[in-house]
Amino acid sequence: MDLIVKFIALIVAVVIHEVAHGYAAYLLGDPTAKRAHRLTLNPLAHLDIFGSIVLPVVLVITNSPVLLGWAKPVPFNPGYFKDPRRGIMIVGAAGPLTNFIAALISAVIFRFVAPLPHLVAAFLFFFCATNLILGIFNLIPIPPLDGSRIVMGILPDNLLPAYMRLEAFGFIIIFALLLLGVLDYVVAPIYQFLIVLLLAPG
């Protein structure tokens with residue numbers, strides 16, 4: 001049953017992450033996500049076969065301590081933004097920020113609303129943990145992760161073209177770092193600090 005709860009928590013977390021990107025773009029004047037019917041919390045509009053189903057199942061089968069995944073990226077068009085670089089930065093930050101807010105809200109309910117049914121408590125715990133992992137992971141400044149969108153907004157113009165060229169190799173770099181365990185040294189300490197801060201009994 002815990003596996004089902006974990007999977008539901010992951011799906012909800014990745015969906016709100018993507019919707020946040022689209023809604024941020026919409027508030028900045030870009031109707032692309034709305035026209036594509038992606039400003040919805042319906043998971044069917046966002047699920048990616050590999051990122052939302054295959055990868056989580058493989059991680060569960062291999063007893064991975066981390067359940068990670070993603071949804072289909074919500075489309076947006078920077079051409080609608082008054083300041084494209086600032087707009088890209090805001091849209092990029094919206095996803096992780098939403099994950100952190102969701103983690104905080106679920107942690108508050110988990111710690112201060114009692115008694116909770118077991119399944120509800122389990123969902124809140126896994127939802128908090130999953131949102132923290134997604135938020136931290138996506139802030140890594142490797143294109144096309146959200147952290148790179150933030151970097152693009154503050155990087156000097158002369159360095160931007162070279163940085164953007166990394167996106168062609170982004171997923172290769174990310175998977176290589178994951179397989180080598182390098183990202184664990186980045187994500188794990190921050191995650192451990194935040195999960196204890198939010199969920200440890202006070």
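The legends below describe an overall view and several close-up views of a predicted model of the protein.

**Figure 1. Overall view of the predicted, helical protein.** The protein contains nine helices and zero strands, so that, read from the N terminus, its elements run α-α-α-α-α-α-α-α-α. The radius of gyration is 17 Å, close to the 17 Å that the globule rule gives for 202 residues, and the protein is therefore as compact as a globular protein of that length. Taken along the principal axes, the C-alpha atoms fill a box of roughly 55 × 40 × 35 Å. Of the 202 residues, 41% are buried, and among the contacts with a separation of 6 or more, 71% are made by residues 24 or more positions apart. The accessible surface comes to about 11,200 Å², and carbon and sulfur atoms account for 74% of that area. The protein carries 11 positive and 9 negative side chains, with the centres of the two sets lying 6 Å apart.

**Figure 2. Close-up of the salt bridge between Asp 157 and Arg 85.** Side chains of opposite charge can pair when their charged atoms come close. The structure holds two salt bridges, and in the one shown here the side chains of Asp 157 and Arg 85 meet with an N to O distance of 2.2 Å. This pair links distant parts of the chain, 72 residues apart, with Asp 157 in the loop between helix H6 (146–154) and helix H7 (160–165) and Arg 85 in helix H4 (residues 84–112). The partners are not equally covered: Asp 157 counts as exposed, at 59% relative accessibility, whereas Arg 85, at 25%, counts as partly exposed.

**Figure 3. Close-up of the salt bridge between Glu 167 and Arg 149.** In this pair, the closest N and O atoms of Glu 167 and Arg 149 are 3.1 Å apart. Glu 167 lies in the loop between H7 and helix H8 (170–179) and Arg 149 lies in helix H6, so the salt bridge ties together parts that are 18 residues apart in sequence. Glu 167 is partly exposed, with a relative accessible area of 30%, while Arg 149 has a relative accessibility of 18% and counts as buried because that value falls under the 20% cut-off.

**Figure 4. Close-up of Asn 131 and Phe 127, two buried residues of helix H5.** Asn 131 has its place in helix H5 (residues 118–138) and is buried, with a relative accessible area of 0%. Residues up to four places away in sequence aside, Asn 131 touches Ala 13, Ile 16, Asn 99, Ala 102 and Ala 103. Phe 127 also lies in helix H5 and is likewise buried, its relative accessible area being 10%. With neighbours within four places in sequence again left aside, the contacts of Phe 127 are with Ala 9, Val 12, Ala 13, Ile 16, Ala 102 and Ser 106. Ala 13, Ile 16 and Ala 102 thus appear among the contacts of both Asn 131 and Phe 127. The C-alpha atoms of Phe 127 and Ile 105, which are 22 residues apart along the chain, are separated by 10.0 Å.

**Figure 5. Close-up of two cis peptide bonds, each leading into a proline.** A cis peptide bond joins Ala 114 and Pro 115, with an omega of about -5 degrees, and Pro 115 lies in the loop between H4 and H5. The peptide bond from Pro 143 to Pro 144 is also cis, its omega being near 10 degrees, and Pro 144 is found in the loop between H5 and H6.

**Figure 6. Close-up of two exposed loop residues, Gly 79 and His 37.** Gly 79 is placed in the loop between helix H3 (49–61) and H4, where, at 67% relative accessibility, Gly 79 counts as exposed. The C-alpha atoms of Gly 79 and Gly 29 are separated by 9.6 Å, although these residues are 50 residues apart along the chain. His 37 is placed in the loop between helix H2 (32–35) and H3 and is exposed, with a relative accessible area of 62%. The backbone of His 37 has a phi near 60 degrees, a positive value in a residue other than glycine.

Notes
Residues are numbered from 1 along each chain as its sequence is written. This is a predicted model: local features need pLDDT of at least 70, side-chain atom pairs count only at pLDDT 80 or more; totals for chains, interfaces and linings use all residues. Side-chain values use heavy atoms; hydrogens and water are left out. Helices (H or I, at least four residues) and strands (E, at least two) are DSSP runs, numbered from the N terminus. The radius of gyration is taken over C-alpha atoms; the globule rule is 2.2 Å times the number of residues to the power 0.38. Buried means under 20% relative accessible area, exposed over 50%, partly exposed in between (1.4 Å probe, protein chains only). Contact means heavy atoms within 4.5 Å. Accessible areas come from the Shrake-Rupley method with a 1.4 Å probe; for residues, only the protein chains shown count as cover. Lys and Arg count as positive and Asp and Glu as negative; His and the chain ends are not counted. The place of a charge is taken as NZ of Lys, CZ of Arg, CG of Asp or CD of Glu. A salt bridge is a side-chain nitrogen of Lys or Arg within 4 Å of a carboxyl oxygen of Asp or Glu.
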